[in-house]
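Let's take a friendly walk through a protein structure, one step at a time. Keep the picture at hand as you read.

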Amino acid sequence: MIYLQLFLSFMKIGLFSFGGGYAMIPLIQKEIESHGWLSASQFVDIIAIAEMTPGPIAVNSATFVGYKAAGIVGGLIATIGVATPSLVLILIVSRYFFKFQDHPVNKMIFYGIRPVIVGLIFSAAVFVAQTAFLKESTVLNLSYMLENFLYIINFKGVLIFAISLICLVKFKINPILMIVISGILGLLITI
Amino acid sequence: MKTKSHLKLLIELFATFFKIGSFTFGGGYAMIPLIEREVVENKKWVTSDEVIDVFAVAQSMPGAIAINSSTFIGYKIAGKKGALVATAGVILPSLLIITLIAMFFSKVQDNPMVKAVFSGIRPAIVALILTAAIKVSKTSIVDKIGLLLAVLAVVLVVVFDVQAIVVILGGAAVGLGIYYLFPLKAARILSDGGHKD
């Protein structure tokens with residue numbers, strides 16, 4: 001029952017994703033990994049495509065992963081799955097939310113959750129870095145990685161990362177433009 | 001007559017949110033100004049004060065901000081049907097576009113040119129996500145406890161392979177724990193506002 005699995009997995013992702021798109025990446029990655037729906041580099045490509053196409057990353061990646069795992073119907077079901085918790089929760093909670101919004105307990109819960117979200121987004125960067133900075137088919141084993149440090153690092157990737165970071169932080173380049181530029185750089189370096 | 005105008009409203013809701021879904025790149029936060037322009041300025045369905053409350057709810061509830069805001073605004077304007085129609089509208093463009101791309105991408109992903117392009121894009125995505133983390137940290141990490149929680153979350157997820165859900169619940173538990181066990185500390189945190197906005 002791949003359809004049911006897709007629906008439940010993406011419902012779980014929708015239910016536990018706070019803080020928008022990037023914070024969801026570790027969550028989606030876990031689900032994809034445990035079901036073997038996509039490879040790590042395929043998933044990173046989806047993040048890139050989701051960033052370049054309109055719409056929320058959550059929806060984009062749900063559609064893409066669902067399509068890859070089980071065709072057009074799979075994409076539809078995964079997308080409905082990721083939207084269902086929002087739909088249900090907003091209908092139930094919105095009426096009562098304002099009463100509790102300023103309640104100290106609610107504030108303290110978010111005091112604890114907010115920094116964790118930052119940690120999750122950072123973890124997403126580490127996860128993507130593994131596929132971006134290491135050569136393909138690298139064994140993720142710490143002692144192996146330390147011994148073969150120079151051999152496994154993809155220096156072109158590190159270079160493009162450094163250029164991108166400077167462009168984004170210093171020159172505030174538009175993210176979509178940055179993706180286009182980095183794609184061209186990737187093509188030029190390889191040729 | 002009433003049902004006819006209701007139907008017209010639902011169609012208008014769908015069209016508006018379809019438009020919003022079609023033109024926002026970069027996810028939820030990028031959608032906020034567009035939603036504001038459409039539903040407050042153009043359609044005058046909600047006031048600008050109301051829409052700020054909607055975004056507050058959308059951001060503090062689980063789920064994509066775009067979906068949450070669309071559901072909420074749809075509900076405010078036309079009840080449960082409105083919520084459903086607005087949500088379907090905001091999702092549909094992504095669904096169509098991504099399905100087309102996915103069909104196409106499966107055919108070209110092994111092409112050496114495409115591979116080269118994506119080998120350049122992946123490192124840029126790392127930089128993009130890192131930039132987002134830095135940006136969010138500025139408002140979300142306000143003290144040493146916050147910094148500790150963020151570092152702990154990274155270590156647990158990256159090194160110990162702990163599920164993100166567990167880490168989120170853990171963060172909530174820490175907040176609650178401080179509230180019930182260290183009321184003085186909690187009072188100090190709350191009087192500082194809890195977070196910088």
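Into which domains is chain A divided? Before answering, please note that this is a predicted model. Chain A is divided into domain 1, covering residues 2–133, and domain 2, covering residues 135–191. These domains meet where five residues of domain 1 of chain A are in contact with eight residues of domain 2 of chain A. On the domain 1 side, helix 3 and helix 5 of chain A each supply at least two residues. Helix 3 of chain A provides the largest share of that side, with three residues. Sorted by class, the domain 1 side has four nonpolar residues, no polar ones and one charged residue.

Now look at chain B. Its domain assignment gives domain 1 (2–108), domain 2 (111–140) and domain 3 (141–197). If you take the centres of domain 1 and domain 2 of chain B over their C-alpha atoms, 26 Å separate them.

How do the chains come together? The contact takes 90 residues from chain A and 85 residues from chain B. Several elements give two or more residues to the chain B side, including helix 1 (2–23), helix 4 (65–108) and helix 7 of chain B. Which helix of chain B gives the most to this side? That is helix 5 of chain B, with 22 residues. By class, the side of chain B that touches chain A has 58 nonpolar, 24 polar and three charged residues.

Next, let's go inside. The largest nonpolar core has 115 residues, and among the members that touch the most others are Leu120(A), Ile121(A), Ala125(A) and Val128(A) from chain A, along with Ile125(B), Val126(B) and Ile129(B) from chain B. Helix 5 of chain A (residues 104–133) makes the largest contribution to this core, 17 residues. A general idea helps here: in soluble globular proteins, nonpolar side chains tend to be buried together. For a close-up, pick Val128(A). Leaving aside residues up to four places away in sequence, Val128(A) touches Val44(A) and Ile47(A), as well as Arg122(B), Ile125(B), Val126(B) and Ile129(B).

Helix 9 of chain A, residues 175–190, is a good place to practise some reasoning. At 1.5 Å a residue, its 16 residues should span 22 Å, and the end C-alpha atoms are indeed 22 Å apart, so the expectation and the model agree. The buried residues of this helix are Pro175(A), Met178(A), Ile179(A), Ser182(A), Gly183(A), Leu185(A) and Gly186(A). Seen down the axis of helix 9 of chain A, they fall within an arc of 160°, so they line one face of the helix. The face turned away from that buried side carries the exposed residues Leu177(A) and Leu188(A). What covers the buried residues includes helix 3 (40–52) and helix 8 (155–169) of chain A, together with helix 5 (112–140) of chain B.

Try the reasoning again on helix 7 of chain B. Its 18 residues, 164–181, should span 26 Å at 1.5 Å a residue, and the end C-alpha atoms are 25 Å apart, which agrees. Buried here are Ala164(B), Val167(B), Ile168(B), Gly171(B), Val174(B), Gly175(B) and Tyr179(B). These residues cover an arc of only 135° around the axis, which puts them on the same side of helix 7 of chain B. On the other side of this helix, Val166(B), Tyr180(B) and Leu181(B) are exposed.

Notes: Residues numbered from 1 in each chain as written. Chains lettered and ligands numbered in written order. Predicted model: local features only at pLDDT ≥ 70, side-chain atom pairs only at ≥ 80, totals over all residues. Core = buried A, V, L, I, M, F, W, Y, C linked by C-beta atoms within 7 Å. Buried ≥ 20, exposed ≤ 12 C-beta atoms within 10 Å, placed from the backbone. Helix = DSSP H or I, 4+ residues; strand = E, 2+ residues; numbered from the N terminus. Contact = placed C-beta atoms within 7 Å. Expected span 1.5 Å × (residues − 1). Arc of directions from axis to C-beta. Nonpolar A, V, L, I, M, F, W, Y, C, P; charged D, E, K, R; others polar. Domains from an automatic or database assignment.
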